[in-house]
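Let's take a friendly walk through a protein structure, one region at a time. Keep the picture at hand as you read.

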Amino acid sequence: MDRWNELADFYNGKKILITGHTGFKGAWITKILVMLGAEVTGYALNPPTEENLFDILELSSEVDSVIGDIRDLKHLKEVFDRVNPELVLHMAAQPLVRTSYEQPVYTYETNVMGTVNILECIRLSKSVKSFLNVTTDKVYENKEIDKGYVETDFLDGYDPYSNSKSCSELVTHSYKKSFLSNIPVSTARAGNVIGGGDFALDRIIPDCFRAAGNKTEVVLRNPKSIRPYEHVLEPLFVYLEILKKQCEDSGKYEGYFNVGPDDVDCIHTDELVAHFKKYWGDGFDFKVQSDGGPHEAGFLKLNCDKLKKVYNWKPVLNIEKAVSLSVDWYKAYYKGCDMKDFTKNQILSFLK
């Protein structure tokens, strides 16, 4: 638990503002930061689904939770001025590819101008000492080739979600060079995260959980698409390390980083679902059926050598263990277990 103790020594008592704290990843990292003793302020819309991890963990009673729209600069600035955060983690986003085709304007407003707004608040703040913008593995121009994209590859996401996240990266780069030379700034381009507590539509593991609960088959639209799947705790602890270490030595640790699994764990979607079936057991199955939906990338890998070198990092879990932990969480939830304790134990066991 040396790593946990090091994080606790840093985060205990620190004021941190998280945008998007009511989302899937946001709720997980909020829970971690509460456990570490941080003073957390969250800024986000209401949880995006009726069933959601934020409410399951009853996090509104443990943090300063502000319901607000990241597009509302005036409101966001008021929260900054009240809180005076030392650390800022930007995760608020419209995060779904299919939704971005249906609502492109909203997607760009949220993902691009939302980034502008958070950076503008930082520009005008005297308290912020470290900033991390969480984007996505999909920021790169995807040429559908068998290589892991590196941080210097061309940024040009295809669909409105991916492209808006590419723009979010560029906005961050510009603010860093133009206004924030004295504040450490990084972005993290994470792969496809899985884990318990995700109830979003059009994500494969939540779809599997719902199908298993209803004893129906899950439909795979693109069974042979390859993605850098990783358990949600993998990137979250990277985010915490980046915020911490760049605050201590910006010259060495700030930058733009891919966060994903090793190549061996970049697998086809039908392989991921087969792992889910193995660990769920009876009552779950899947079928392949295209629904004629919009374009989605078929092949995507990340090269994470930069993160491994700069942070001496490596993934903790292989893909099979990541799926196993996800299934364990959903089964516990399905059985009515105390999910606050269960989630806490999964977090602590991750670092053992």
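## Naming the parts

Helices and strands here are DSSP runs, numbered from the N terminus; a helix has at least four residues and a strand at least two. With those names in hand, we can place Gln-94 in the loop between E4 and helix H5 (97-102). Please keep in mind that this is a predicted model.

Is Gln-94 buried or exposed? Buried means under 20% relative accessible area, and Gln-94 has 5% relative accessibility, so this residue counts as buried. The C-alpha atom of Gln-94 is separated by 6.5 Å from that of Asn-111, although the two residues are 17 apart along the chain.

## A stretch named in UniProt

An unreviewed UniProt entry lists residues 17-249 as "domain: NAD(P)-binding". In the model, this span is 43% helix and 17% strand. The C-alpha atoms at the two ends of residues 17-249 lie 21 Å apart.

## A covered strand and its partners

Now find strand E5, which is made of residues 130-134. How many of its five residues are buried? Five of the five are, so the strand is mostly covered, as the cut-off of under 20% relative accessible area defines buried residues. In a regular strand, the side chains alternate between the two faces of the sheet. For E5, Ser-130, Leu-132 and Val-134 are on one side, while Phe-131 and Asn-133 are on the other. Both of these faces are covered.

Which strands pair with E5? One partner is strand E4 (residues 87-90), which pairs with E5 in the parallel sense over four bridges. There, Leu-87 stands opposite Ser-130 of E5. Strand E7 (residues 185-190) also pairs with E5 in the parallel sense, over four bridges. In this pairing, Leu-132 has Ser-186 in E7 as its bridge partner.

## A helix with two sides

Helix H1 covers residues 2-11. An α-helix has 3.6 residues a turn, so residues three or four places apart point the same way. Which residues of H1 are buried? They are Trp-4, Leu-7, Ala-8, Phe-10 and Tyr-11. These residues lie on the same side of H1 because they cover an arc of only 165 degrees around the axis. On the other side of H1, Asp-2 and Asp-9 are exposed.

## The second largest pocket

Rolling a probe the size of a water molecule over the atoms shows where empty space is left. The second largest pocket has a volume of about 270 Å³. Its lining includes Arg-3 and Glu-6, along with Val-238, Glu-241 and Lys-245, and also Leu-307 and Tyr-311. Asn-312, Trp-313, Lys-314, Pro-315 and Val-316 belong to the lining too.

Which elements give two or more residues to this lining? They are helix H1, helix H9 (233-248) and helix H12 (305-311). H9 provides the largest share, with three residues. By class, the lining of the second largest pocket divides into six nonpolar, one polar and five charged residues.

## An enclosed space

The count of cavities of 30 Å³ or more comes to one. The largest cavity holds about 40 Å³ of space. Among the residues that line the largest cavity are Tyr-229, Glu-230, His-231, Glu-234 and Pro-261. Asp-265, Pro-315, Leu-317, Asn-318 and Ile-319 are also in that lining. By class, the lining of the largest cavity has five nonpolar, two polar and three charged residues.

You may recall Pro-315 from the previous section: this residue is listed in the lining of the second largest pocket and in that of the largest cavity.

## Three loop residues

Asp-202 sits in the loop between strand E8 (193-194) and helix H8 (204-214). Its phi is near 60 degrees, a positive value in a residue other than glycine. Because its relative accessibility is 38%, Asp-202 counts as partly exposed.

Asn-312, one of the residues lining the second largest pocket, is found in the loop between H12 and helix H13 (319-334). Although Asn-312 is not a glycine, it has a positive phi of about 50 degrees. At 71% relative accessibility, Asn-312 counts as exposed. Asp-263 lies in the loop between strand E12 (256-259) and strand E13 (267-268), and at 47% relative accessibility it counts as partly exposed. The C-alpha atoms of Asp-263 and Cys-304 are separated by 9.7 Å, with their positions 41 residues apart along the chain.

Methods:
Residues are numbered from 1 along each chain as its sequence is written. This is a predicted model: local features need pLDDT of at least 70, side-chain atom pairs count only at pLDDT 80 or more; totals for chains, interfaces and linings use all residues. Side-chain values use heavy atoms; hydrogens and water are left out. On a 1 Å grid over the protein atoms alone, a cavity is a set of points where a 1.4 Å probe fits but cannot get out, and a pocket is an open set with protein on both sides within 12 Å along at least five of seven lines; lining residues have an atom within 4 Å of a point. Grid points are joined across faces, edges and corners, and a volume is the space filled by probe spheres set on the points. Ala, Val, Leu, Ile, Met, Phe, Trp, Tyr, Cys and Pro count as nonpolar, Asp, Glu, Lys and Arg as charged, and the others, Gly among them, as polar. UniProt positions are given in the numbering used here, feature names are shortened, and annotations may be inferred rather than shown by experiment. Buried means under 20% relative accessible area, exposed over 50%, partly exposed in between (1.4 Å probe, protein chains only). Two strands pair if DSSP finds at least two bridges between them. The arc is that of the directions from the helix axis to the C-beta atoms.
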